[in-house]
Every structure is written in structure tokens, then in C-alpha cells.
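Colleague: I should like to learn how to read pockets, cavities and helices in a model that is new to me. Could you take me through them in turn?

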Amino acid sequence: MFQLDEEQRLILQSVREIVQKEIKPQVATLEETGEFSWDVLRILASNDVLNPLLPRQYGGVEVSIFTFCMIVEEIARACASSALLLITQAEGTLSIVLGADESLKERYLKRLAGDSQVLIGVSVIEPNADSDILSAPAKAERCGDHFLLHGNKCFVKNGSVADFLVLYANVDRSEESHGIHTFLVEKGIPGLVNKRDEDRMGMRGSIYSEFDLDHLVVPSENLIDQKGGGFSNSLKTLSASRLFTAAQAVGLAQGAMEEAISYARRRAQFGKSISHYAPIQFMIAEMATGIESARLLTYQTAFLFDRGEWKKAETHAAMAKLIASDTAMKVTTDAVQIMGGYGYMKDYPVERMMRDAKLTQIFTGTNQIIKSIIGRNLTGMS
Ligand SMILES: Cc1cc2nc3c(=O)[nH]c(=O)nc-3n(C[C@H](O)[C@H](O)[C@H](O)COP(=O)(O)OP(=O)(O)OC[C@H]3O[C@@H](n4cnc5c(N)ncnc54)[C@H](O)[C@@H]3O)c2cc1C
């Protein structure tokens, strides 16, 4: 069912080589410093891997969503934070591709072409309205030829390192969800105040920032979705980012399982390799079964996106994110268990993978909210 064509095979082979030779050796430093890796950015950009979804007419490679998921998976196998860099770029790109008019696309998408290192930040979340996005307090008031934005933003992906932000704010409260729109906001303009970068348990090679929007002036032409459809485009983008989270979680889990198998083969106790013992084999069997199930649902969902079946894709993306993130959490925890005391040590990558996996159960909607979305879509009840 999932046969790769020649182009996909070549792309994946080249991504695998870049990851193994250039990115994997940097992961320990990334993890230790918790700082953004400009080097990883340079490696991804110079190999044309940073923006694989960028449409051809703006200078991109424009791979399918399926191919993109496989690229994310391959990178996450070694480094989930580096995979997140691509996911954030893709989320920002999709917001523009789905909603912006031609002049905005020309202005912003062309900046991402070729070996560009231009970074997009994505700002959805507010401190008091994470799961309940409709109560988003960031306000955008229309004032003649510009909007005036007020509020606070947290968990802004690529926040302090981004060149421009895709930022969600509510233009008209009376329209509830339909009042939420996205804006393109240039870095460094007055009123966009970077308060701090947030410290994290995992994904330590990524940047998340907090911003105050203090009389932030955004020109009207920087409103994405001039023709309406703002919230439905945002939901499409959010669904896509759930699918990308699923791909990232599958890669993370695969990487952790490979580490555990390799260690189990090498480690001898009571006179033989621990891989002989049934409890170890059972854990590995459960890992492989979970990963393969999550991968299949992820790929199937990617095909729904590629065919433009958005409504069905929304529920499937939620299901893929649920199974893949829960699998990643279980697999990485069991990988630590298989490696015993050494699994708990920072000398091996599985403790990092376990911390990284936790975020996949939380971001793009906690798995509790994700279950509500699946249940609501299947029953038709709000
Ligand atoms: C490092 C980091 C990165 C992030 N990156 C992203 C991102 O890339 N994209 C993105 O969209 N978000 C991102 N987020 C935000 C993340 O999606 C939110 O943290 C998440 O939605 C939960 O919001 P909250 O933290 O305010 O928890 P709350 O909404 O306060 O929830 C607290 C608990 O209550 C439960 N809960 C809340 N409401 C309900 C309900 N109606 N039914 C059942 N249970 C409920 C939640 O599941 C959770 O267990 C990120 C968060 C972090 C920490």
C-alpha cells in the first residue's frame, strides 16, 4: 500500500545521511545547552530540507504531505527537536498557503525558498486559553489601515529566533470562533515584546517564547484570510500539525526501540544476553506492534490530506496523534526500563527521548482534548 517512488526514496536516503552524519553528532550538545542550534538550521537549509512543503511556484520542492511525514519521522528518529523545526516551518507555510492572498504569498513564501534560513514563528496559545482556544484573549482592533493587537502569548514556537510570526488573535468576539484570524507579524516591530524564552523538560533544542502584545501595530494587508475562512483554515493547519506530531512521535519511538534492541543484544546478565529473556522480548514485541500501528494510521491520514479530504483528515489526524504520542511515551519509558540503570543516565539517548515523548501527548491539544475531538466528530455532539 505504501510503495515509495524513486523521488521519495532518494529524498529519504539523503535525509537519513544528513541526519546520521551531521545532526546526530550535535544532539547531546543541543540537549545540554537548551539553546537554539543555528548549526542544525544551517544544515537543514543548505540541504533544502527546511521547507519541503513550500510550493514550487514560490521556489520550493513541494513534496506531498505523506513524503513530509516520512522526512519528519526520519529526523525525529535521531532528534525530535530538529524535526520540530520543520514542523513549525510547515505550520507557518500552510497558514499562508491556505489563507493568504497572492501578494502576501509572494512577499512571505518567496523568502523561504532555496537555502534560505528565514524562520517562521507560530503563536497560537495564550496563558489563559490553551485547551479553550475560542476564549483567546488576544484582541485585534481594526483602526483604519492597520490593526492594533493587545494580549499575551506563550509557547510561541521559534519565538525569539523567528524572522516573522504567524500569530492568532480575535478580531471580533461576537463572531466567536469565526472572529479568530491569523496575522503575519514582522520580528522587531514596536509592541511585540519578547518577555523570555521558556525553560522546558524536553525538546530542549527548540525555542518556545513568551510575548506581550502591547499596542502592536500590524498593517491591514498582513491579515491572512482577507476573504474570510480564517478559523476553518486555522483548524486545517492545526489538524495538519497534529498529523506532523504523530509522524514525529513515530520517529521518536522508532529511535528509542532501536536503542533498546541494540543495548539488549549487547548486555549480558546471568550468563547470557538479556535479549534472551522473555520479559525483554515482550517489551520489544509491544514496542514494534505499537509503532507499526501508529505509523500505518499516520501514513493513511497523510494520504487523506494529500487527497484534500479535510473533514475526514481532521478526525484521523487526531487519532494518529493520540496513538502515536501514547506509543512514543510507552516505548521510550520501556526503552529506559530495558536499559536498566544505564537507561536513566544521560550517557544514553533514551532518557532524552522519554522527556521529548511527553510533549507529544500535550502539544497541539492534550490527549484528553484530542479524545474529545474524536468523540465529538464521530457522534456529531458538541
Ligand atoms: C513546550 C510546549 C510547546 C507547545 N507547543 C505547542 C504547539 O506547537 N502547538 C499547540 O497547539 N500547542 C502547543 N503547546 C500548548 C499545548 O497545546 C497546551 O499546553 C495544551 O493545549 C494544554 O493547555 P494548558 O497547558 O493550558 O492546560 P489546560 O488547558 O489548563 O489543561 C490542564 C489539564 O486539564 C485537561 N483538560 C482541560 N480541558 C479539558 C476538557 N474540556 N476535558 C477534559 N480534560 C480537559 C487537559 O487535558 C490537561 O490535562 C505547547 C505547550 C508546551 C508546554
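Modeller: The discussion below takes up a pocket, then two helix features, then the cavities. Please keep in mind that this is a predicted model.

Colleague: What is the volume of the second largest pocket, and which residues are closest to its centre?

Modeller: A pocket may be described by its volume and by the residues that line it. The second largest pocket here has a volume of about 410 Å³. It has 20 lining residues, and those closest to its centre are V27, A28, Y348, P349 and R352.

Colleague: Which helices each supply at least two residues of that lining?

Modeller: They are α2 (27-33), α4 (65-78), α7 (230-266) and α11 (350-360).

Colleague: How does the lining of the second largest pocket divide into nonpolar, polar and charged residues?

Modeller: Twelve of the lining residues are charged, six are nonpolar and two are polar.

Colleague: Where does the second largest pocket lie with respect to the domains?

Modeller: One asks which domains contribute to the lining. Because domain 1 (6-112) and domain 3 (230-379) both give residues to it, the second largest pocket lies between them.

Colleague: Let us turn to α4. Is this helix largely enclosed by the rest of the structure, or exposed?

Modeller: Burial is judged residue by residue, with buried meaning under 20% relative accessible area. In α4, 13 of the 14 residues are buried, so the helix is largely enclosed by the rest of the structure. From its first C-alpha to its last, α4 reaches 21 Å, close to the 20 Å expected at 1.5 Å a residue.

Colleague: Is Q254 buried or exposed, and with which residues is it in contact beyond its neighbours in sequence?

Modeller: Q254 is found in helix α7. Its relative accessible area is 14%, so Q254 is buried. Leaving aside neighbours within four places in sequence, Q254 is in contact with R77, I291 and R295.

Colleague: How many cavities of 30 Å³ or more are there, and what is the volume of the largest?

Modeller: The count comes to four cavities of 30 Å³ or more. The largest cavity has a volume of about 100 Å³. Its lining consists of 15 residues, with F36, S81, L85, G205 and S206 nearest its centre.

Colleague: Which helix gives the most to the lining of the largest cavity, and which domains take part?

Modeller: Helix α5 (residues 80-99) gives the most, with five residues. Domain 1 (6-112) and domain 2 (120-222) each provide at least three residues of this lining. By class, the lining of the largest cavity holds seven nonpolar, seven polar and one charged residues.

Terms used. Residues are numbered from 1 along each chain as its sequence is written. This is a predicted model: local features need pLDDT of at least 70, side-chain atom pairs count only at pLDDT 80 or more; totals for chains, interfaces and linings use all residues. Side-chain values use heavy atoms; hydrogens and water are left out. On a 1 Å grid over the protein atoms alone, a cavity is a set of points where a 1.4 Å probe fits but cannot get out, and a pocket is an open set with protein on both sides within 12 Å along at least five of seven lines; lining residues have an atom within 4 Å of a point. Grid points are joined across faces, edges and corners, and a volume is the space filled by probe spheres set on the points. Helices (H or I, at least four residues) and strands (E, at least two) are DSSP runs, numbered from the N terminus. Ala, Val, Leu, Ile, Met, Phe, Trp, Tyr, Cys and Pro count as nonpolar, Asp, Glu, Lys and Arg as charged, and the others, Gly among them, as polar. Domain bounds come from an automatic or database domain assignment. Buried means under 20% relative accessible area, exposed over 50%, partly exposed in between (1.4 Å probe, protein chains only). Contact means heavy atoms within 4.5 Å. The expected span of a helix is 1.5 Å times one less than its number of residues.
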